[in-house]
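Student: I would like a close look at a single part of this protein. Please take the paired strands and work outward from there.

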Amino acid sequence: MDCFQHFIRGDKGIYVGNHLIADLWGIINSFETQEILDVFVDACKDAGATVLFSHCHPFGENAGTTGVIVLAESHLSWHHYPEVNMISIDIFMCGSASPSKALPRILDFWQPSHTDIDTIRRGQVAPHKLPEALTARAS
């Protein structure tokens, strides 16, 4: 069995997955928890991820939400700050699932006026980080 079968292999080496961090400012606030949950679940599916569990927690009337979508490939989580028209979103996916493919549906729903979005590679494989028996497989 290839212990790296679910890892990403590319010009930047072998790594576990991509972690997208997004802060959306100037959003159109929504307080409908089921609608919010549906948007995030569908966005995960757009990204090629497998949804295992989802939860959206409201903090009260017009007080925002926090939530998580647990994926076979990792997770999507968020925290909504309606008092400043902002939502912070965290999407980590391994394997062939692509966090960036989740963004169009999310951006369409929240309609931000400004975005701060970064993606980092997680779990960069390097021989010095692995047990000796695996170092040959990592090249």
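Tutor: Strand 4 (residues 51-58) and strand 5 (residues 65-71) run antiparallel and are joined by seven bridges. One residue pair to find on screen is H57 and its bridge partner in strand 5, T66. The two strands form a hairpin with six residues between them, and G60 in this hairpin takes a positive phi near 125°. This is a predicted model, and the values here are computed from it.

To place the hairpin, read along the sequence: the pattern is β-β-β-α-β-β-β-β-α-β. That gives the protein two helices and eight strands.

The helices bring in a side-chain link. R105 and D46 meet in a salt bridge, with 2.7 Å from N to O. R105 belongs to helix 2 (residues 103-110) and D46 to helix 1 (residues 33-46), so the pair, 59 residues apart, links distant parts of the chain. A search of the whole structure finds one salt bridge. As for solvent, R105 has a relative accessible area of 34% and D46 has 33%. Both values lie between the 20% limit for buried and the 50% limit for exposed, so each residue counts as partly exposed.

Now the whole protein. Of its 139 residues, 37% are buried. Its accessible surface comes to about 7700 Å², and carbon and sulfur atoms account for 52% of that. Among contacts between residues at least 6 apart in sequence, 61% join residues at least 24 apart.

Note on methods
Residues numbered from 1 in each chain as written. Predicted model: local features only at pLDDT ≥ 70, side-chain atom pairs only at ≥ 80, totals over all residues. Heavy atoms only, no water. Salt bridge = Lys/Arg side-chain N within 4 Å of Asp/Glu carboxyl O. Helix = DSSP H or I, 4+ residues; strand = E, 2+ residues; numbered from the N terminus. Buried < 20%, exposed > 50% of the residue type's maximum accessible area, 1.4 Å probe, protein only. Pairing = 2+ DSSP bridges. Contact = heavy atoms within 4.5 Å. Areas by Shrake-Rupley, 256 points an atom, 1.4 Å probe, with all protein chains shown as cover.
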